[in-house]
Amino acid sequence: MDTLAELARRVSLCTACPLHSGRVNAVPGEGPDDAEVLFIGEGPGYHEDRQGRPFVGPAGNFLEDLLQSIGMTREQVYIANMVKCRPPNNRDPAPDEIAACSKYLDRQIELLNPLLIVTLGRFSTARFLPGQSISRVRGRLRSVNGRHIFPIMHPAAGLRRQEMRAAIEEDFAKLPGLLDVLRMQAAPPSAAGRIQDAQSAYPTEPAPSLQPAFQDTPAPAAGETPATPADTNPPPPDEPPPGQQRLF
Ligand code: URA
Ligand code: SF4
């Protein structure tokens, strides 16, 4: 399972738990390989099982509206579920089914390495914050084993109850600001300065006065050729610096 595509193929053939026998299609998840945000739901419902795609029924329509309300689209994010096959009659996934399926989600998280994981509902929230009630932890950023987790109530709950809908909308509205902060944290401390310097420096070679911009470049490891100023020359402003994910 070295790529998300390979993982999806494995999921479509998986028979590791009883849910495989009732599925029309497995629903591995979808989104760009470099998505900044990973949404994790519970499991496929009727429409998802029919189409083999996550969140394409009523809850999915609501999720798309929520994304639109913060200026995002579903094409920009990765959407996955705790279990990849539909539980019969949309019952809750059983603990042994979640356990059998967890290797796929674990690998999706590793491969994506998302800036932020948004857990939708109590099952995906419990994966990171076991024993904690969603109504208490929702709408607050947590760091769990080095991952940023932001729990939100499940969109399907928002379709059933107006007060849940309001809570979900309130939490969603926090996402853009949260992402800005996380992006700044993830960027090297001097990145902003480098981009400014790059704007004034291009297309000419960096002048000696720009040297302080390179001070934060890590020292070369033993055996590595020391980087010359030309190597560390920052890329043009519309390209992300090496090692950084593409932003929206
Ligand atoms: N609900 C979920 O939790 N996941 C889906 O993919 C669709 C509805
Ligand atoms: Fe395999 Fe997960 Fe589907 Fe169970 S739910 S059969 S573990 S892919």
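This is a short tour of a predicted model, from a strand pair to a ligand, a pocket and a cavity.

**Stop 1: the strand pair**

Select residues 37-41, which form strand β1. Now add residues 78-81, strand β2. The two strands run parallel, and 4 bridges join them. Look for G41 in β1: its bridge partner in β2 is N81.

Show the side chains of β2. Which residues point which way? Y78 and A80 point one way from the strand. I79 and N81 point the other way. All four are buried.

**Stop 2: ligand 1**

Keep G41 and N81 selected, the bridge partners from the last stop. Both are also among the residues that surround ligand 1. Add the others around the ligand: E42, G43, E48, P54, F55 and H154.

Next, turn on distances. Which residues place polar atoms by the oxygen atoms of ligand 1? Check these three:

- E42: a backbone N or O atom lies 2.7 Å from an oxygen atom of the ligand.
- F55: a polar backbone atom is 3.0 Å from an oxygen atom of the ligand.
- H154: here the side chain takes part, with an N or O atom 2.8 Å from an oxygen atom of the ligand.

So far, E42 and F55 use backbone atoms, whereas H154 uses its side chain.

**Stop 3: the largest pocket**

Stay on E42 and H154. They return here, among the residues closest to the centre of the largest pocket. Add A156, A157 and R160 to complete that central set. The pocket holds about 650 Å³ of space, and 27 residues line it.

Which elements give two or more residues to this lining? Colour these helices in turn: α2 (46-51), α3 (58-69), α5 (122-128), α6 (134-137) and α7 (155-160). Then colour the lining by residue class. The lining divides into 12 nonpolar, 9 polar and 6 charged residues.

**Stop 4: the largest cavity**

Now leave the pocket and turn to the enclosed spaces. How many cavities of 30 Å³ or more does a search of the whole structure find? There are 2. The largest has a volume of about 100 Å³.

Select C14, C17, C85, C101 and Y104. Of the 14 lining residues, these are the closest to the centre of the largest cavity. Then select residues 95-112, helix α4. This helix gives the most to the lining, with 3 residues.

Finish by colouring the cavity lining by class. Its residues divide into 10 nonpolar, 2 polar and 2 charged.

Terms used
Residues are numbered from 1 along each chain as its sequence is written. Chains are lettered from A and ligands numbered from 1 in the order in which they are written. This is a predicted model: local features need pLDDT of at least 70, side-chain atom pairs count only at pLDDT 80 or more; totals for chains, interfaces and linings use all residues. Side-chain values use heavy atoms; hydrogens and water are left out. On a 1 Å grid over the protein atoms alone, a cavity is a set of points where a 1.4 Å probe fits but cannot get out, and a pocket is an open set with protein on both sides within 12 Å along at least five of seven lines; lining residues have an atom within 4 Å of a point. Grid points are joined across faces, edges and corners, and a volume is the space filled by probe spheres set on the points. Ala, Val, Leu, Ile, Met, Phe, Trp, Tyr, Cys and Pro count as nonpolar, Asp, Glu, Lys and Arg as charged, and the others, Gly among them, as polar. Buried means under 20% relative accessible area, exposed over 50%, partly exposed in between (1.4 Å probe, protein chains only). Two strands pair if DSSP finds at least two bridges between them. A residue is near a molecule or strand if one of its heavy atoms lies within 4 Å of it. A polar contact is a pair of N or O atoms within 3.5 Å; within protein, one must be able to donate a hydrogen and the other to accept it, and residues adjacent in sequence count only if both atoms are side-chain atoms.
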